[in-house]
Amino acid sequence: MKELIRKAIKDKPDYLVVVDEKSVVSKYLAKLNTRNIPIYFLYSRPAIGKFISLKRAGVNIIGSLIPDNYAAGEALAQQLLIKHTTTSTQPANILALMGDYTTPASVERVAGLTEFVEQHEDINFIGKEVANWSEQESYTKTLAFMEFAPEINIIWCANDAIGFGAKRALQVHIRSLLVG
């Protein structure tokens, strides 16, 4: 990420759009000359104190676009429960595949999911696992969970890559049940 930013700044872009997961980018921007490059944060931005210090240091921040990750986590859980209850009479047994333990996006999405589950007595948490935003890690963990907790009938995924890994694992798991 740092190398990409360094190269982009060297090319004197009209704008620079950055993601500040784990505050890596904001720490780096303070060390560079970005006075003449408007910077826009996407998905995550520095905390207010860091934001102010970056502005004081001359970093030309012009804005940010941050999704409501809490609402996204909650809405996904709600839609999964609706789909489940319209296609099954079984209890809702959910596996949550989180992005990570620390990024605001992951923490907020899981908070939305958790509150939704706490409000619904008919949902059982089977497990919460970090998939590190990785399709492959999601695939591996989903296969393991399906082997040892076959009652799982809802898989909540923190992002698309995790969802694709879970889907691929379910396809493999179903094929193994049909063959075996």
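How exposed is Glu135, given as a relative accessible area? I looked that up before anything else: Glu135 comes out at 33%, which makes it partly exposed. A reminder to myself: this is a predicted model.

**Salt bridges overall.** I went looking for salt bridges and found four in the structure.

**Arg168 and Glu135.** Glu135 turned up again here, in a salt bridge with Arg168, and I noted 3.6 Å between the closest N and O atoms. The two sit 33 residues apart and tie together distant parts of the chain: Glu135 belongs to helix H6 (residues 135–148), Arg168 to helix H7 (residues 160–179). I checked Arg168 for exposure as well, and at 29% relative accessibility it is partly exposed.

**Glu3 and Arg6.** Next I turned to helix H1 (residues 2–10), where Glu3 and Arg6 are three residues apart, so about one helical turn separates them. They form a salt bridge, with the closest N and O atoms 2.5 Å apart. Glu3 is partly exposed at 40% relative accessibility. Arg6 is partly exposed too, with a relative accessible area of 34%.

**Glu137 and Lys141.** Back in helix H6, I found Glu137 and Lys141 four residues apart, which again means about one helical turn between them. Their side chains meet in a salt bridge, 3.3 Å from N to O. For Glu137 I wrote down a relative accessible area of 25%, partly exposed. Lys141 has 21%, and because buried means under 20%, Lys141 still counts as partly exposed. I also noted that this pair has company: salt bridges with shared partners join Glu129, Glu137 and Lys141 into one network.

Notes. Residues numbered from 1 in each chain as written. Predicted model: local features only at pLDDT ≥ 70, side-chain atom pairs only at ≥ 80, totals over all residues. Heavy atoms only, no water. Buried < 20%, exposed > 50% of the residue type's maximum accessible area, 1.4 Å probe, protein only.
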